[in-house]
Amino acid sequence: MSKEDVKKSVVEKKGIVQKDLEMLGTKFCKEIGQGVFPWVEMKSRSTDNIFYSPEFRQYVLGDKTVRRSARVISHLRPFAQMVWTAYFAHELLQQRKTSTLRDVYYSAQAYDVAFQDQAESDNIITDLESVVESPRESFNVYPEERSAVFGDLTIQYTVPGYENRRTNLASHPDGMMIGPALTESQFVETSADKVIVIEKGAMFTRFVEERVHEKFNSILIYTAGQAPRSTRYFIRRLNQELGLSTYIFSDADPWGMHIAMVIISGSANAAHLRELTTPDAKWAGVWATDIVNYKLPSEQLNEIDVKRLKELKDDPRYTGGLWQREIDAFVELRKKCELEAFSRYGLTHIVDKYLPERLKELG
Amino acid sequence: MDATEPVGILPDIYIRLTLDGQNETAETYTLRVMDNGSGIPAHQMPLALGQFLFSSKYKLKQARGTFGLGGTMTILYGQITTNKPVMVFSSTGTSRIVEYRLMIDIERNKPIILDRKIHVNPLKDKERWHGTIVELHLEGSYGQASSKVLEYLKQTAIVNPYANITFIDPKGRFYKFERTVTEIPRPPKETEPHPHGVDVETIQRIIRSTKARNMRDFMKKNFHRVGDKTAKEFLKAAEIQEKVNPKRLRPEEIVTLVQKMKDYEGFLPPNASCLSPLGEELLRAGVLKELEPEFVAVRRRNPSTYLGHPFIVEIAIAYGGKVPAKDEVLLYRFANKIPLVYDESGDVCWRIVRSINWRRYNVAPNMPVAVLIHLCSTKIPYKTVGKEILSDQAEVSKEILNAIREVARELALYLSRKERVRRQVRRLNVFARYLPKIAQFSAGLGGIEKPPETDRLYRSQVVFKDFVTKDEFTESEPFDSRLYRTVLVHIANKHESNAVNVKVLGLTGSQWTELIPESTLTSGSEMYETLRGNFKQVKVLAKSSKPEKEGLIEAYVDGVSE
């Protein structure tokens, strides 16, 4: 995919989703008028239909489909809710407004198709994602959690009221929130050649303070734990559209490891979606072997950690040499540590010593 | 009532209790009981009421009492507590009404006649009054006993639906339990005792009164289902000489005879002609009348025997209506048409009912379910002299358990059907609620101004709304069913007591055919049916089940396109 194509697709994507939703409405109306109960078909998201695809380097759905029909009494309520959600999403797109999962849950109550709880509404939104085969961000439903980005990247807004305005993401030292406006923006130019993704807020701030973006020609991204989908999508765009290499730094434990993995290869929950992964991104640390090599202060692994490691050991996403090596190292060491552990050797140790060594090692 | 049934009179019982006076320790009452039975012949009246163990009969039939003690005991209790005589009026339907004022000489077990009067019985022949009136005085506390008294009367009314029972309590409150049937159960035939069921005392009584001169005749003439052949074979097996005169038997020989009779297996089982069960129809009528349930199932088991005594078990199960909802299934016990209201938990019936896993029959705690157990026998196996609780006789218990299971299965079926109706109605409500929404949002989504009509998918039509039924069938407005592959009919009887009859017709070509044949919907019940086949129109017809008893119904017809 050329750069131009990618840009075009970002802008046009929402238009396509909007069209898809309209066609869905027209189809249902036609069916109802003909005395046929409206129905939709989507790929089954049950666990027996989720497979790992080495080709896409992510989980994908198999061939099994499910049919939702208004004829089936137990489908009727979820069906009505899905049609409403589609209608609501279409309104969002048309009015160029955005919403969150929580917001959708409350909005339904105004239309007498109330959800019992947010889990139910989240699930219906996932259904709609499966039907239109696009992430909810493409119909303007964003997650609540927000992460941030900082670095020399000039973007141009597309959201109403800001059209064609530009801003540089290094203009605010706390970073810019990766919200709907940023997710939908177009990338204009950057001097960076890499992206550094950081799990922890304290380290992100340290990196900004230590001018890592300048010293290492990088764009810094703070995920606030597990990266929200819009952030994963943003990282992917930086990688695909701007060709920036991506390095991920997270805690040295199975959970930190998995934060990196979800950015790289996605999750089983999002098996119905593409374009949320960055297969070329690299997990840059902190590794189990770093605990020894850098003599980092550490804690004992607990039982849950060990159990999680066993699961990851057999997970198809973890087949690479680095992953298996580090899992084994964790098991052997029975130790874990956090990103902040480097502060044991002074506040700048991580930036002065660890970061350059690791980037060099990974090439 | 035992004075009316054998002569085919519908019983009218009148009971009045009035407060005579009270002091700190006691209250005294006058109790007046009147029946319309066959009456007591004048010469027997003092003995019948003023002497214990008046009856000398050894023959057997099902009767409410056992030894005729109940009436005399009451009179005695009244006499002990108030020292006042009892007044008795009776007529057998002749031109005379005889009145006695009696007391009982307790030491000598003899009646003391204080006064005797003859009154003229007016009117002629069949119009003349017959029956008995007893008026006595007694001590007691109606305040404490009232709930049991009323419960007793209500339950009596259940197993005697052909009787009118009137009760006036000391506060002047009037209770009337009216008959709803005019049919009386077949009265029991008197039979000789079965050899398996006699004791030494009975044998002695038979020997005293028998005319038989030898053992063979003695066996043949005095015992149930013993013929010439059986008598011969038994005596041979028991090693008793056929020619022995029974009156010459020594006491130890009588004991041996009783033992041999019990052990001998060649006797034919007793038949049930000496029993008078209510029958399923009357039991159902009694339950419907007093409990007004939404559902009732009854079962009369075939006659059986225990220890030589014939018995029949009758069971009813009632659900809903005025059946109270209790934590556990409610139990009503009856023996020979008499309610047993005390010491329920000691009764074998209680144990049997509790032993059943009611969940298997879709019965959950706090559901209004009552089980009625009626045991008919020439000898009720009472556990105690109080005659309130039944003991565990394996044969009887087995019959009771099996009968309960039978009716419980019917209830289970009814309840699951009811649940199905409820689910189906809810199902259609879901259609009615969500289809228009789907249409509305789809139109909004597709940019279509007017949402499509969902009628082609699903339509619900009220064909009878709060409709009051008449004696003749009335047709509902028709439902146009051409668009629908599935048509569903839902009819609910909303009347609080009356039943309605309904049927459903469908139009094919120009012919109306019956899709649901005439069926009865009792008060509060509903029917829900899916109609098979293709019809142009469907309509519901309804009428009152009983003449001049209006019903109230609601009926819906729903069509679904697929």
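**Exercise 1. Find out how confident the predictor is in chain B, and what chain B is built from.**

Chain B of this predicted model averages a pLDDT of 87, and 97% of its residues score at least 70, where pLDDT is the predictor's confidence in each residue, from 0 to 100. The model scores ipTM 0.83 and pTM 0.64. Because the model is predicted, local features need pLDDT of at least 70 and side-chain atom pairs count only at pLDDT 80 or more, while totals for chains, interfaces and linings use all residues. Residues are numbered from 1 along each chain as its sequence is written, and chains are lettered from A, with ligands numbered from 1, in the order in which they are written.

Turning to its elements, chain B has ten helices and 23 strands; helices (H or I, at least four residues) and strands (E, at least two) are DSSP runs, numbered from the N terminus. Of the 562 residues of chain B, 38% count as buried, a residue being buried if 20 or more other C-beta atoms lie within 10 Å of its own, exposed if 12 or fewer, and partly exposed in between, with C-beta atoms placed from the backbone.

**Exercise 2. Trace the open sheet of chain B from edge to edge, and place helix α3 on it.**

Begin with the order, which is β5-β4-β3-β6-β2-β1-β7-β8 in this sheet of eight strands with mixed pairing; two strands pair if DSSP finds at least two bridges between them. At the edges stand β5 (110-120) and β8 (174-177) of chain B, each with a single partner strand, so one side of each is left without a neighbour in the sheet. Neighbouring strands are turned by 15° against each other on average, direction ignored.

Next, look inside the sheet, where β3 (residues 86-91) and β6 (residues 131-140) of chain B pair in the antiparallel sense over five bridges, and where B:M87 stands opposite B:E135 in β6(B).

Finally, helix α3 (residues 142-159) of chain B lies across β1, β2, β6, β7 and β8 of chain B, running at about 20° to β8(B). Such angles run from 0 to 180 degrees between N-to-C directions, and the axes are lines fitted to C-alpha atoms, for helices over the stretch in contact.

**Exercise 3. Which strands pair with β19 of chain B?**

One partner is β20 (residues 511-521) of chain B, which pairs with β19 (residues 500-508) in the antiparallel sense over eight bridges; here B:W512 is the bridge partner of B:L507. These two strands form a hairpin with two residues between them, and B:G509 in the turn has a positive phi of about 60°.

Another partner is β22 (residues 537-544) of chain B, joined to β19(B) by eight bridges and also running antiparallel. In β22(B), B:L541 stands opposite B:K503.

**Exercise 4. Is A:S218 buried or exposed, and what does it touch?**

A:S218 lies in strand β13 (residues 218-222) of chain A. With 27 other C-beta atoms within 10 Å, A:S218 is buried. Leaving out residues up to four places away in sequence, A:S218 touches several residues, among them A:G151, A:A192 and A:H213; two residues are in contact if their C-beta atoms, placed from the backbone, lie within 7 Å. The C-alpha atoms of A:S218 and A:F150, 68 residues apart along the chain, are separated by 9.0 Å.
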